[in-house]
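Some words used for protein structures rest on cut-offs that a newcomer may not see. Here is a set of questions about how such words are earned.

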Amino acid sequence: MKTPYLAAGIAALTMAVSASAADYTIDTKGAHAFVNFKIKHLGYSWLHGRFNNFEGEFSYDAKNPNTSKINVVIDTASIDSNHAERDKHLRGSDFLNVKAHPKAIFKSESITFSDQTHANVVGTFTLNGVTKEIAFDVKKVGEGQDPWGGYRVGFEGETQLKLADYGIDYDLGPASTHVTIGLHLEGIRK
Amino acid sequence: MFKNTRQRYGVIAIIFHWLSAFVVFGMFCLGIYMVELSYYDPFYRDALYIHKSVGILLSILILLRLVWKWLNPAVKPLSAATPLQRLQNILAGCVHLVLYLGLVTLFLSGYLISTSDGRSIEVFGWFSVASAGELFDRQSDIAGTIHLYVAWGLLAVVVIHILGALKHHFINKDQTLARMIKVMTPKKHEE
């Protein structure tokens, strides 16, 4: 088991380079970032939706990628499945309870790159007032100068959540117990 | 006789009254019932479809009723001799006004719940009412909350209205309730 040594090495590296690690703001202002979801409808098709309002930031340094961190706060009331009546239902007590729990929060604990572009993210996700540790894979889409004098990097990843884990037990049928959350985030270097 | 006089209700007003009474009560029950239906209930989709369709038709009915009311003489209260009776008549008038206002609020809020995404409201496949779009932020949620509370509030006012009618019938033993049930000839009323 090399992991403890690796972790210690990463920790040492983190301290050494933390000053140079680049911080990014997720580009929600320009809407180059998306928090999407999909869930099976009856087992026959996929229903897609997204959260329109969220914000967050991450730090990422290609030279020391394992020091990366990310933090995203989602406004749960901004759920949008392109159907007003359904969205009203989703915001209500059968699902997201947005009055009681207006925020869903993801906060990374560790990000481990397996190569230049692929990483595994471990962190806590809070939804409907329930906080659980989750892990999922992400991929760097690209990185570089933008045409307007800034510097950007984009990541994407998805994870599957069991609704019941977050206290959402409305019966949508046996094929619809899990929701897939897709993150497509572009960050602008601060 | 179709039209009202100062003493009695015409058959049109009586039909409007009872038709809207039964439909409003049915809509209240359907509304409370349908929001508890599970997703796999065979009635899950139809319940809302019927509620919305009937809601639009009811709003048209109430609009016609108000036009008819405006075209007809106002039926006078049966007794206004004492200050207490006059106060009661004013209160009864307020109850009627609140019933109409409650219904109009329910029509508007119901419409706003379903149309904030630009979808129109289909009425039994016969015609549809166009959306006015999203008129304010969080429209469906706010309108939904208003719709729920006003529905319960209206039920409470309906209970007051019914108690008033029963008081007239059983305590005062006057024709207030009877003249809303059967079309009376002027002669019979004078007896």
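The questions and answers below go through a predicted model, beginning with one chain and ending with the contact between two.

Q: What makes up chain A, in terms of helices and strands?
A: Chain A has 2 helices and 11 strands, and along the sequence these follow the pattern α-β-β-β-β-β-β-α-β-β-β-β-β. Of the 190 residues in chain A, 43% are buried, and the chain exposes about 10,400 Å², with carbon and sulfur atoms supplying 54% of it.

Q: Why is B:Leu166 called partly exposed?
A: The relative accessible area of B:Leu166 is 36%. Buried would require a value under 20%, and exposed a value over 50%; because 36% falls in between, B:Leu166 is called partly exposed. This residue lies in helix H4 (residues 139–171) of chain B.

Q: What makes B:Leu166 eligible for a nonpolar surface patch?
A: A residue in a patch needs over 30% relative accessible area, and B:Leu166 has 36%, so the value passes that cut-off. The patch, of about 600 Å², is made by B:Leu166 together with B:Val159, B:Ile162, B:Leu163, B:Phe170 and B:Ile171.

Q: How do you know what span to expect for helix H2 of chain B, and what span does the helix reach?
A: Helix H2 (residues 44–71) has 28 residues, and the expected span is 1.5 Å times one less than that number, which gives 40 Å. From its first C-alpha to its last the helix reaches 41 Å, close to the expected value.

Q: What do the buried residues of H2(B) pack against?
A: The buried residues of H2(B) include B:Ala47, B:His51, B:Ile56, B:Leu61 and B:Arg65. They pack against helix H1, helix H3, strand E1, strand E2 and H4 of chain B, and also against helix H2 (84–91) of chain A.

Q: How is the area buried between chain A and chain B described?
A: The two chains bury about 1,200 Å² between them, 48% of it on carbon and sulfur atoms. Of the area that chain A buries against chain B, A:Ala84, A:Glu85 and A:Lys88 supply 40%, more than any other three residues. In terms of contacts, 15 residues of chain A meet 16 residues of chain B.

Q: Why is the pair A:Arg91 and B:Asp141 called a salt bridge?
A: The closest N and O atoms of A:Arg91 and B:Asp141 are 2.6 Å apart. A salt bridge requires a side-chain nitrogen of Lys or Arg within 4 Å of a carboxyl oxygen of Asp or Glu, so this pair qualifies. Between chain A and chain B the count is 2 salt bridges.

Terms used: Residues numbered from 1 in each chain as written. Chains lettered and ligands numbered in written order. Predicted model: local features only at pLDDT ≥ 70, side-chain atom pairs only at ≥ 80, totals over all residues. Heavy atoms only, no water. Helix = DSSP H or I, 4+ residues; strand = E, 2+ residues; numbered from the N terminus. Buried < 20%, exposed > 50% of the residue type's maximum accessible area, 1.4 Å probe, protein only. Areas by Shrake-Rupley, 256 points an atom, 1.4 Å probe, with all protein chains shown as cover. Patch = residues over 30% accessible without salt bridge, like charges linked within 9 Å, V, L, I, M, F, W, Y side chains within 5 Å. Contact = heavy atoms within 4.5 Å. Buried area = accessible area lost by both parts, 1.4 Å probe.
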